[in-house]
Amino acid sequence: MIDITVTGGTKRQRELVKSIAEYSVAKLMPRKRNLDVNISLEKIDDALGYAYEEFAGSYAVDIEKRQSMRRLLETVAHEMVHVKQYCRKEITGDDTWNGKYINPKTTDYWDLPWEIEAHGRECGLFVRWAAQAGYATAKWALDPA
């Protein structure tokens, strides 16, 4: 069973976050049948979001809730790419990408392979979700982040 729980933030934020998270799972992991994702909308001062594996099959996503609606939803899509990477064992908590250690202290953030994929997919996931969910004409969906 796919179980996505969203806590914190406003009711509207929780509704939209859950919707784009479910859409992201369907697009990124269409054959996935068992997944538990706990998304927390909270104040984060040092990043827009984080994703990490809590234990096998269970993932946590922390999102900075003070972002514009579009940026918040793109951040959720970005972090859901990381959830996919953890699920498929493409990335591990010890900075290993597809079996190869990548030193994040000597590799620029923008050159980390897991970030290249996440940044590359976040906008496309958001735009396709907005069109499918009927939000393509919403002001926040039209304005670039």
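Which element gives the most to the lining of the largest pocket? The points below take this up, along with the confidence of the model and the packing of two helices.

1. The model is predicted. Across the protein chain the pLDDT averages 95, and 99% of the residues score at least 70. Confidence is highest in helix α1 (residues 11-28), at a mean of 98. Helix α4 (residues 139-142) has the lowest confidence, with a mean of 86.

2. The volume of the largest pocket is about 350 Å³. Its lining is made up of 18 residues. Those that lie nearest the centre of the pocket are G49, H78, E79, Y109 and E115.

3. Three elements give two or more residues each to the lining of the largest pocket: β3 (49-55), α2 (69-87) and α3 (113-132). The opening question is answered by α2, which gives the most, with 6 residues.

4. Sorted by class, the lining of the largest pocket holds 9 nonpolar residues, 5 polar residues and 4 charged residues.

5. Two of the elements that line the pocket, α2 and α3, can also be described as a helix pair. Their axes come within 8 Å and cross at roughly 125°. An angle over 145 degrees would count as roughly antiparallel, and one from 65 to 115 as roughly perpendicular. The angle between α2 and α3 fits neither range, so the two helices are oblique to each other. As for handedness, α2 passes α3 in a right-handed crossing.

Key. Residues are numbered from 1 along each chain as its sequence is written. This is a predicted model: local features need pLDDT of at least 70, side-chain atom pairs count only at pLDDT 80 or more; totals for chains, interfaces and linings use all residues. Side-chain values use heavy atoms; hydrogens and water are left out. On a 1 Å grid over the protein atoms alone, a cavity is a set of points where a 1.4 Å probe fits but cannot get out, and a pocket is an open set with protein on both sides within 12 Å along at least five of seven lines; lining residues have an atom within 4 Å of a point. Grid points are joined across faces, edges and corners, and a volume is the space filled by probe spheres set on the points. Helices (H or I, at least four residues) and strands (E, at least two) are DSSP runs, numbered from the N terminus. Ala, Val, Leu, Ile, Met, Phe, Trp, Tyr, Cys and Pro count as nonpolar, Asp, Glu, Lys and Arg as charged, and the others, Gly among them, as polar. pLDDT is the predictor's confidence in each residue, from 0 to 100. Axes are lines fitted to C-alpha atoms, for helices over the stretch in contact, and angles run from 0 to 180 degrees between N-to-C directions. Angles under 35 degrees count as roughly parallel, over 145 as roughly antiparallel, 65 to 115 as roughly perpendicular and the rest as oblique. A crossing is left-handed if the near helix is turned anticlockwise from the far one by less than a right angle, and right-handed if clockwise.
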